Every structure is written in C-alpha cells, then in structure tokens.
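Please open the structure in a viewer and keep the selection tool at hand. The tour proceeds by selections, each followed by a description of what is found there.

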Amino acid sequence: MRPTAFSAAGRFWRGNLHTHSTRSDGVLSPEEVCRRYRAEGYDFLALTDHFVGCYDYPIVDTVPFRTDDFTTILGAELHSGAMANGELWHILAVGLPADFAPSDSPDFHVKPGQETAAELAARAVEAGAFVAIAHPQWSGLTLADARGVTAAHAVEIYNHGCAMGCDRPDGAAIADLLLTEGRRLTMIATDDAHFHEPDHFGGWVMVKAPGNTSDALLSALKSGDFYSSQGPELRDIRLFDDRIEVDSSAVAAMIVQGQGTAARAVHGHSMTTSQLDLERFGNSPWLRVTLMDAAGKRAWSNPIWR
Ligand SMILES: [Zn+2]
Ligand SMILES: [Zn+2]
C-alpha cells in the first residue's frame, strides 16, 4: 500500500503553519511576513498570532497578501486552561473563521474558570480548523495533558523556534506514546517564527492537494496527505507485508519507527531509494519514516497504520 499523501491527485505545496507578526509578539508586519515566506519559495502560510485579549484576539486577515502563486490560511495560536505544570496551554488552529469567538484569555496567565484547552480545541475543530498540539517539549507537556486534548488532529514533531531559542524542538516522544495508545494523530514541522532570532524557514509541511487554495490545503491537512521537512523531499512510500521502500531526494539515512523499542535504520550515501525489512515491527500497528540528509536535516512521514 501507499499512503494517500503519495497516491492522491495533485502536487505538493510547501507551507508554514505556525507564524507570528506584530499583531501579537512578532517583529514583522503581517504583510512583510507573507512577503518573506513567498520570496523564500513557500506556496502558502498560516499566520497564527496569539489569540489573547492583550492583543485584541487577532485572527489576522491575510487574504490581501495572497498572489497567483502564494496563498494564506487564516488561523491563530489559542490559549486557555492550565497544563499540569500550571502554565497556560498553546494550541495551534489553522483554518479558523475570522469571527471565531474569543476565549476568556486576557493574557498569557491562566484565568480561573476559563475554557479548558480540550474545550477550546474542540470548538476550533467544530469551526473548521486543523488543530495541533504546539511545541510539547517547550511547554513541558505531560502525556496526560496531551491525551486530554482529544480533538487535536496533529502534534508538532518539530518546532524550529523552540530549536533555535531553547533547544527544545521535539514532539516525537509524546506523539509516539499517543500513537501507541491508538490515537490517529499526524505530525507537523513548523517554524513558530517571530523573527526576533533565526526562527524561520527551518521546518515546514509539504501538503498534497489538487490546488493551492485554503480549502484544498485544509482538507488535505485533515486527511493527513502531507509530510514534514527541514530539507529532504519524501517522494513515495511503498509498504509491503515484509518490507518498506521509500523514494526521496538524496539522503544519508532512512529510519523507520514503530511502537515501543521498534526502530531500524539504513545508512548510506546519496540514497534516493531506501529499503528496510519489517521483521522488527511485527507488533506495531503503526510505522513512520524519518529521513536524514548528509547535513543532518530531516523529513518525517505521517504515521502509517497497518
Ligand atoms: Zn506557543
Ligand atoms: Zn507560536
């Protein structure tokens, strides 16, 4: 079988799903943020400013910055309710309506009685958004925290801002535990760019869709028709009973992960087709693929259920 990201009609569009501007705590105007992403070869961008009262609950209208080869998806980073560590939740919502009702979130501090993160995430999904648990490692998220947000579609497997700013970029550990509990989550790499440090153009999604429109991209994101990358291109995955084959741009390692300790790698030089036998993965209902190029840049498939 082939994951639908590779068998579905359309082509891959490159985009960043997590970005800030002067409408919250970012450095650049929405227009300049869009200009820079387009200039860097991105096909689309979701501007996701912090949806809190001190910034007037921004869902920034980026429609004026669309061009014939660049589109935008409206969104926000939502905040409400406490994590187990007592701090405020961060939930990424891509594809929100401009009139999405504010939470009762005056600032970045937990307010007693406000909506829980689970309730806010469910409300965003209900409103049409693709919802992800943002930067689990940076947040100090526990497995119980993540387990509670049942409406989420995805987890940030890599957050470039958290990599550059505090060396806490990772979401794979918690995502793998959730997959092992049967949660059908996908995984996104994002920038979380604020442009006050080198936090941009470092992690993105490649979304397979028939057209570069907000609706087509959102639909593909919800269907899991995408992969994430820092550089390498993932071109095809073919899964057989006993082995997996992966086509890609030139990489130095192809790693397959499954539940528990199940993981194996094949290393080489300038590999464009890599193959691994799956004997080691007998008990795992899911597999995922990580590629690494000679510079250490990675690409991540979504989980494949079998
Ligand atoms: Zn955040
Ligand atoms: Zn953010």
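## Strands β6, β7 and β8

The bridge partner of Asn-159 in β8 is Thr-190. This pair is a convenient starting point in what is a predicted model. Select next strand β7 (residues 154-159) together with strand β8 (residues 186-190). The two strands run parallel and are joined by 5 bridges.

Now add β6 (130-133) to the selection. Strands β6 and β7 also run parallel, with 2 bridges between them. Ala-132 has Ala-154 as its bridge partner in β7. Is β7 enclosed or open to the surroundings? In β7, 6 of the 6 residues are buried, so the strand is largely enclosed by the rest of the structure.

## The zinc ion (ligand 1)

Select the zinc ion (ligand 1) and display its protein donors, which are Glu-77 through OE, His-90 through ND1 and His-135 through NE2. These donors lie 2.0 to 2.2 Å from the ion. Along the chain they follow the spacing E-x12-H-x44-H. Two of them link distant parts of the chain: His-90 belongs to the loop between β4 (71-78) and β5 (91-94), and His-135 to the loop between β6 (130-133) and α4 (136-139), 45 residues apart.

Colour these two histidines by accessibility. His-90 is buried, with a relative accessible area of 10%. His-135 is likewise buried, at a relative accessible area of 3%.

## The zinc ion (ligand 2)

Keep Glu-77 selected and extend the view to the second ion. Glu-77 bridges the zinc ion (ligand 1) and the zinc ion (ligand 2), which lie 3.5 Å apart. The zinc ion (ligand 2) is coordinated by His-18 (NE2), His-20 (NE2), Glu-77 (OE) and Asp-192 (OD), at 2.1 to 2.2 Å.

What is the arrangement of the 4 donor atoms around the zinc ion (ligand 2)? The angles subtended there run from 82 to 169°, which makes the arrangement irregular. For a tetrahedral assignment, all angles would have to lie between 85 and 135 degrees.

In sequence, the donors of the zinc ion (ligand 2) follow the spacing H-x1-H-x56-E-x114-D. The pair of His-20 and Glu-77 again links distant parts of the chain: His-20 is in the loop between β1 (11-16) and α2, Glu-77 is in strand β4, and the two are 57 residues apart. Both His-20 and Glu-77 are buried.

## Aromatic pairs

Hide the ions and display the aromatic side chains. A search of the whole structure finds 14 aromatic pairs. One of them joins Tyr-37 and Phe-195 in an edge-to-face contact, 6.2 Å centre to centre with 85° between the planes. Tyr-37 lies in helix α2 (residues 30-39) and Phe-195 in the loop between β8 and β9 (204-209), so the pair ties together parts that are 158 residues apart in sequence. Tyr-37 is buried, with a relative accessible area of 0%. Phe-195 also counts as buried, at 11% relative accessibility.

Extend the selection to Tyr-42, Phe-201 and Trp-204. Together with Tyr-37 and Phe-195, these residues are linked into a cluster by ring pairs.

## Charges over rings

Select Arg-11 and Trp-13. Arg-11 lies over the face of Trp-13, at 3.7 Å from the ring centre. Then select Lys-208 and Phe-12, where Lys-208 lies over the ring face at 5.2 Å from its centre.

## Backbone with positive phi

Return to Phe-195 and inspect the backbone. Most residues other than glycine have a negative phi. Phe-195, although not a glycine, has a positive phi of about 70°.

Next, select Asp-56, in the loop between β3 (50-51) and β4. Asp-56 is not a glycine either, and has a positive phi of about 65°. Is Asp-56 buried or exposed? With a relative accessible area of 62%, Asp-56 is exposed.

## Cysteines

Finally, display the cysteine side chains. The structure holds 0 disulfides. Select Cys-162 and Cys-166: the sulfur of Cys-162 is 4.9 Å from that of Cys-166, its closest cysteine sulfur, which is too far for a bond. A disulfide would require sulfur atoms within 2.5 Å. Cys-162 counts as buried at 5% relative accessibility. Cys-34 is buried as well, with a relative accessible area of 2%.

Methods:
Residues numbered from 1 in each chain as written. Chains lettered and ligands numbered in written order. Predicted model: local features only at pLDDT ≥ 70, side-chain atom pairs only at ≥ 80, totals over all residues. Heavy atoms only, no water. Donors = N, O, S within 2.8 Å, 3.2 Å for Na, K, Ca; no water. Helix = DSSP H or I, 4+ residues; strand = E, 2+ residues; numbered from the N terminus. Buried < 20%, exposed > 50% of the residue type's maximum accessible area, 1.4 Å probe, protein only. Pairing = 2+ DSSP bridges. Phe/Tyr/Trp six-rings, centres within 6.5 Å; stacked < 30°, edge-to-face > 60°. Lys NZ or Arg CZ within 6 Å of the ring centre and 35° of its normal. Tetrahedral: all angles 85-135°; square planar, octahedral: opposite > 155°, others 65-115°.
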